[in-house]
Structures are given as C-alpha cells and as structure tokens.
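The exercises below are meant to be worked through with the sequence and the model side by side. Try each task before reading its solution.

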Amino acid sequence: MSENEDDAEKTLHEWATQEVTYQPLTFPKAQNFELKSGLIHLLPPFRGLENEDPHKFLKEFHVVCSGMKPRVVTEDEIKLRAFPFSVQDAAKEWLYDLPFGSITSWNELAKLFLEKYFPEAKVSNLHREILGIKQGKREALHT
C-alpha cells in the first residue's frame with residue numbers, strides 16, 4: 001500500500017493524534033543567551049505588506065539589537081535569535097518557508113529578506129521613475 005493510500009485509510013482520531021515534527025530554524029546558537037521579553041517588545045514589526053519599507057525596518061531592528069548586546073554574544077547572534085520575533089503575518093510565513101539549514105549568518109538572512117521584500121525589479125522601477133521626472137510647463141524650478 002502506498003503512503004497516499006495509507007493516509008486515506010487513517011481515521012480522524014489517527015489524524016488528530018499523529019506525531020508532528022517541525023523543522024526548527026537552524027541559526028547558529030549562542031551559548032548561555034536568552035532573549036528577554038522586554039527586548040522582544042521593543043522590536044519593530046514587519047508584516048511583509050506592500051507599503052512597508054524593508055530598509056527602514058532593518059535599520060530600526062539594528063538599533064534595538066545593538067543596544068542589548070551582552071559581552072559573550074555577538075550582535076549577529078542577537079539579530080538571528082530576535083528576527084523571528086519581529087516578523088509577522090506573511091513575513092513570518094516567508095521566514096518559516098526558507099529551506100532547512102539555509103541561514104548560517106545575519107548577512108545571509110538580511111540579503112534574502114531584502115531580495116524578497118525589496119526585489120531588483122522594484123529598484124529598477126523606482127530608478128526609471130526618478131529618471132523620468134520632467135518639469136511641467138507651469139511648474140517652477142524652485143518654490
């Protein structure tokens with residue numbers, strides 16, 4: 001019997017009580033380090049909405065994380081540990097959908113984040129808009 005046939009034969013009780021395994025985010029682990037709940041509440045939220053500025057979010061995130069650095073932990077370790085608490089909604093889904101073991105440094109995570117929420121196509125469109133600005137007939141050069 002194939003796995004799909006086995007699944008079709010399961011009872012509702014078997015579905016409800018089956019063992020569920022999740023792939024944890026695999027970031028480098030800091031020894032003897034715990035995020036305090038007060039810090040988590042200071043983190044800026046990012047939901048992955050069209051009107052959110054991912055660069056501004058990363059700057060605010062950096063400010064909060066850099067202000068709480070214990071002596072034995074690097075800033076990158078703090079950022080990696082805090083990031084899942086800062087993203088919400090679609091952005092959290094994106095984070096959890098990353099392949100297992102794909103993130104090993106803060107720079108990798110920040111790069112993937114910006115590729116997702118500030119893609120090259122958006123940069124090109126903004127560049128094109130800026131280059132295409134023209135002065136109208138009744139517009140003064142200065143105000």
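**Exercise 1.** What percentage of the 143 residues of the protein count as buried?

*Solution.* The model is a predicted one, in which local features need pLDDT of at least 70 and side-chain atom pairs count only at pLDDT 80 or more, while totals for chains, interfaces and linings use all residues. Residues are numbered from 1 along each chain as its sequence is written, and side-chain values use heavy atoms, with hydrogens and water left out. A residue is buried under 20% relative accessible area, exposed over 50%, and partly exposed in between (1.4 Å probe, protein chains only). By that rule, 24% of the 143 residues count as buried.

**Exercise 2.** Describe the secondary structure of the protein, counting helices and strands.

*Solution.* Helices (H or I, at least four residues) and strands (E, at least two) are DSSP runs, numbered from the N terminus. Counted in this way, the protein has eight helices and zero strands, and the order from the N terminus is therefore α-α-α-α-α-α-α-α.

**Exercise 3.** Find how the rings of phenylalanine 61 and phenylalanine 83 are arranged, and where the two residues lie.

*Solution.* Rings of Phe, Tyr and Trp (its six-membered ring) pair if their centres lie within 6.5 Å, and planes under 30 degrees apart count as stacked, over 60 as edge-to-face and the rest as tilted. The structure holds 13 aromatic pairs. In the pair asked about, the centres of phenylalanine 61 and phenylalanine 83 are 5.7 Å apart and the planes stand at 85°, so the pair is edge-to-face. Phenylalanine 61 belongs to helix α4 (residues 54-66) and phenylalanine 83 to helix α5 (residues 75-86), so the pair ties together parts that are 22 residues apart in sequence. Phenylalanine 61 counts as buried, at 0% relative accessibility, and phenylalanine 83 is buried with a relative accessible area of 0%.

**Exercise 4.** Work out the geometry of the pair formed by tryptophan 94 and phenylalanine 113, and then place it in the cluster of linked rings.

*Solution.* The rings of tryptophan 94 and phenylalanine 113 are 6.1 Å apart, centre to centre, with 65° between the planes, and the pair is edge-to-face. Tryptophan 94 lies in helix α6 (residues 89-96) and phenylalanine 113 in helix α7 (residues 106-117), 19 residues apart, and the pair links distant parts of the chain. Both residues, tryptophan 94 and phenylalanine 113, are buried. Ring pairs link them into a cluster whose members include Phe46, Phe57, Phe61, Phe83 and Trp106.

**Exercise 5.** Compare where the partners lie in the salt bridge of arginine 47 with aspartate 89 and in that of lysine 79 with glutamate 75.

*Solution.* A salt bridge is a side-chain nitrogen of Lys or Arg within 4 Å of a carboxyl oxygen of Asp or Glu, and the structure holds four salt bridges. For arginine 47 and aspartate 89, the closest N and O atoms are 3.5 Å apart. Arginine 47 lies in the loop between α3 (37-42) and α4, and aspartate 89 in helix α6, so the pair ties together parts that are 42 residues apart in sequence. Arginine 47 counts as partly exposed at 32% relative accessibility, and aspartate 89 likewise counts as partly exposed, at 48%.

For lysine 79 and glutamate 75, the closest N and O atoms are 3.2 Å apart. Both residues lie in helix α5, four residues apart, about one turn of the helix. Lysine 79 counts as buried at 7% relative accessibility, whereas glutamate 75 is partly exposed, with a relative accessible area of 21%.
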